[in-house]
Amino acid sequence: MNKLKVFAVLFLVGAFAYAGGYRVSLQSNKQLAMGHTGVAVVNSADILFFNPAGLVHLENRLNVSVGGFGVFSDVQYQNEDFGTSAETDSPTGTPLYAYISYSITDNFAAGLGIYTPYGSNVTWPTDWEGSHLVNEIELQAIFVQPTLSYQLFDSVSIGGGAIIAIGGVEFNRNANRTLTDEEGDRSNVAIEDSGVMGYGWTAGIMFTPTDNFSIGANYRSLIDIESEDGEATFSNFPNSPLTPSNGVQGFEATLPLPAELTVGLSYKWDKFLFAFDYNRAFWSEYENLDITFADGSQSLNPRNYKDASTYRFGLQYTATDALTLRGGYYFDESPVQSGFFAPETPRNDSSGYTFGLSYNISPSFAIDASFLYLRFKEINESYDFYQENGQNVPFEGTYKSRALAPGIGITYRM
């Protein structure tokens, strides 16, 4: 394989790696409004995601919770040394969720959840300064989770279920910083795959020593999304034996969605409920990534992600029989280490500020609303593994990022 073909393979791998570092914590309007706490909070069928052991504690026999969000995000890039800058124009993200639970007996409940815990949608201007790393990327993952929950003792319940993950990815970048075809069009590489399946599981336990105090723990397993039928498209390459041939070929790759452990507590006092969650995501499993193209070329690339923690705080206040107010805050550590910061997922440590409410229209129906303002810490970083002519050519600069996510949902209970 000549050098240009090697570059194409390596940069394609890079796109997959950074897409895997993007976790979207938007699985419930009620719980997002409380800083996305929930491992020890029994509010509605949403507990199916946060801790399946809590499902058996729901008061009503049938519980349904459905909702979604609009995610508006922007990233600004600037390199003062070269006088270059760019800003993303990403489309609005729309993560969704739906949960249903049914109490079969006083000690046994079952449920089903559908939600979107991973996703990335970043669009830079075409042919911008970092286009040799990425022009556009879109990553999606939908989880389906059948769940059972059982009251083991008076104060202890357990729960768990299988997870079926369905993923897809689209990615586009230029081959390098200067290569064009005979008409001057930038040489480009794009990959696409959809309907990729992966499997995992979740299990939880909840301890309720008093009516006002609960402790919970939930573990979600690693899921590998293995792409075997995707297509890689090489376009606008010059007609030369030194460059890849234009056209379509297959590829294989594995994208890990990391395991997570969450522990937390909740305490009720009069009309107030306080919650705290600690979450550990085991990104360190993401050390390398193999990718194999249909022509037999293969590349193994280090990623060196690190485990990352999130600290979440939430408060709920029952103002009236109809109105419940919520607020929260969380601090989320980035799993990306210095030198691996690429514009595919321009993510740094972030702080999330949340609030929301629920309004009971009737004893059975309620409207849930939430709002998240997520601000990433400004960072001056680089991606050090891009090569031309055998030499590392770092891409560096200052990134400023933020996201807004209003959400709306409904709760039904009977």
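A cavity here is a set of grid points where a 1.4 Å probe fits but cannot get out. By this rule, the count comes to four cavities of 30 Å³ or more. The model is predicted. The protein chain holds three helices and 23 strands. This briefing takes the two largest cavities in turn, then the chain as a whole.

**Largest cavity**

- The volume of the largest cavity is about 270 Å³.
- Its lining consists of 23 residues.
- Nearest the centre of this cavity lie Arg-23, Ser-25, Glu-260, Asn-279 and Arg-312.
- One helix, H3 (47-50), is among the elements that give two or more residues to this lining.
- The others are strands S9 (213-220), S12 (260-269), S13 (272-281) and S16 (308-318).
- Strand S16 gives the most to the lining of the largest cavity, with four residues.
- By class, this lining has eight charged, eight nonpolar and seven polar residues.

**Second largest cavity**

- The second largest cavity has a volume of about 110 Å³.
- It is lined by 16 residues.
- Leu-139, Gly-168, Val-169, Ile-225 and Leu-255 are the closest of these to the cavity centre.
- At least two lining residues come from each of strands S6 (136-151), S7 (156-174), S8 (188-207), S10 (223-235) and S11 (247-257).
- Strand S11 gives the most to the lining of the second largest cavity, with four residues.
- The lining of the second largest cavity divides into 10 nonpolar, five polar and one charged.

**Overall shape**

- The protein chain has 414 residues and a radius of gyration of 23 Å.
- A compact globule with 414 residues would have a radius of gyration near 22 Å, so the value for this chain agrees with that expectation.
- Along the principal axes, the C-alpha atoms fill a box of roughly 70 × 40 × 35 Å.

**Burial, contacts and surface**

- Of the 414 residues, 53% count as buried.
- Buried means under 20% relative accessible area.
- Take the contacts between residues at least 6 apart in sequence: 69% of them join residues at least 24 apart.
- The chain exposes about 17,900 Å².
- Carbon and sulfur atoms supply 54% of that exposed area.

Terms used: Residues are numbered from 1 along each chain as its sequence is written. This is a predicted model: local features need pLDDT of at least 70, side-chain atom pairs count only at pLDDT 80 or more; totals for chains, interfaces and linings use all residues. Side-chain values use heavy atoms; hydrogens and water are left out. On a 1 Å grid over the protein atoms alone, a cavity is a set of points where a 1.4 Å probe fits but cannot get out, and a pocket is an open set with protein on both sides within 12 Å along at least five of seven lines; lining residues have an atom within 4 Å of a point. Grid points are joined across faces, edges and corners, and a volume is the space filled by probe spheres set on the points. Ala, Val, Leu, Ile, Met, Phe, Trp, Tyr, Cys and Pro count as nonpolar, Asp, Glu, Lys and Arg as charged, and the others, Gly among them, as polar. The radius of gyration is taken over C-alpha atoms; the globule rule is 2.2 Å times the number of residues to the power 0.38. Buried means under 20% relative accessible area, exposed over 50%, partly exposed in between (1.4 Å probe, protein chains only). Contact means heavy atoms within 4.5 Å. Accessible areas come from the Shrake-Rupley method with a 1.4 Å probe; for residues, only the protein chains shown count as cover.
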